[in-house]
Amino acid sequence: MSIHSFAAELAETDMGLFACAVLIVVCLGGAIASIVIEQAWLGIRRLWKLWKGRANGR
């Protein structure tokens with residue numbers, strides 16, 4: 001039994017539960033993506049400041 005047949009079977013039995021699970025997965029995915037983007041941005045800013053400081057001879 002594949003994961004797709006399990007999802008189809010779950011959707012047939014209780015659509016509300018399936019929708020709630022999908023909503024939770026989407027929220028968690030968005031939160032994780034937000035954290036990754038924020039950390040990448042902070043890393044880029046840190047590297048930029050480091051590079052800018054070395055370019056000025058500091």
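The protein folds into two helices and zero strands, as seen in what is a predicted model. Helix H1 spans residues 3-13, and helix H2 covers residues 15-55. Of the 58 residues of the protein, 2% count as buried. The protein exposes about 5,300 Å², of which carbon and sulfur atoms supply 71%.

**Across the two helices**

One residue in each helix serves to describe how H1 and H2 are placed. Ala8 has its place in helix H1, while Phe18 lies in helix H2. Counted along the chain, Ala8 and Phe18 are 10 residues apart, and from C-alpha to C-alpha they are separated by 9.6 Å in space. Phe18 has a relative accessible area of 24% and is therefore partly exposed, given that the buried class is reserved for values under 20%. Ala8, at 40% relative accessibility, likewise counts as partly exposed.

The relative accessible areas of these two residues, together with those of two cysteines, are set out below.

| Residue | Relative accessible area | Class |
|---|---|---|
| Phe18 | 24% | partly exposed |
| Ala8 | 40% | partly exposed |
| Cys20 | 41% | partly exposed |
| Cys27 | 49% | partly exposed |

**Cysteines**

A disulfide is a covalent bond between the sulfur atoms of two cysteines. In this model the count of disulfides comes to zero, and the sulfur positions show why Cys20 and Cys27 do not contribute one. For Cys20, the closest cysteine sulfur is that of Cys27, and because the distance between them is 9.5 Å, it is too far for a bond. Seen from the other side, the sulfur of Cys27 has that of Cys20 as its closest cysteine sulfur, again at 9.5 Å, whereas the criterion requires a pair of sulfur atoms within 2.5 Å. Neither residue is buried: Cys20 is partly exposed at 41%, and Cys27 is partly exposed at 49%.

**Aromatic side chains**

The count of aromatic pairs comes to one. This pair is formed by Trp48 and Trp51, whose ring centres are 5.3 Å apart and whose planes make an angle of 35°, an arrangement classed as tilted. The label follows from the angle, because planes under 30 degrees apart would count as stacked and those over 60 as edge-to-face. Trp48 and Trp51 both belong to helix H2, where they are three residues apart and therefore separated by about one helical turn. As for their surroundings, Trp48 is exposed, and Trp51 is exposed as well, a class that calls for over 50% relative accessible area.

Technical notes:
Residues are numbered from 1 along each chain as its sequence is written. This is a predicted model: local features need pLDDT of at least 70, side-chain atom pairs count only at pLDDT 80 or more; totals for chains, interfaces and linings use all residues. Side-chain values use heavy atoms; hydrogens and water are left out. Helices (H or I, at least four residues) and strands (E, at least two) are DSSP runs, numbered from the N terminus. Buried means under 20% relative accessible area, exposed over 50%, partly exposed in between (1.4 Å probe, protein chains only). Accessible areas come from the Shrake-Rupley method with a 1.4 Å probe; for residues, only the protein chains shown count as cover. Rings of Phe, Tyr and Trp (its six-membered ring) pair if their centres lie within 6.5 Å; planes under 30 degrees apart count as stacked, over 60 as edge-to-face and the rest as tilted.
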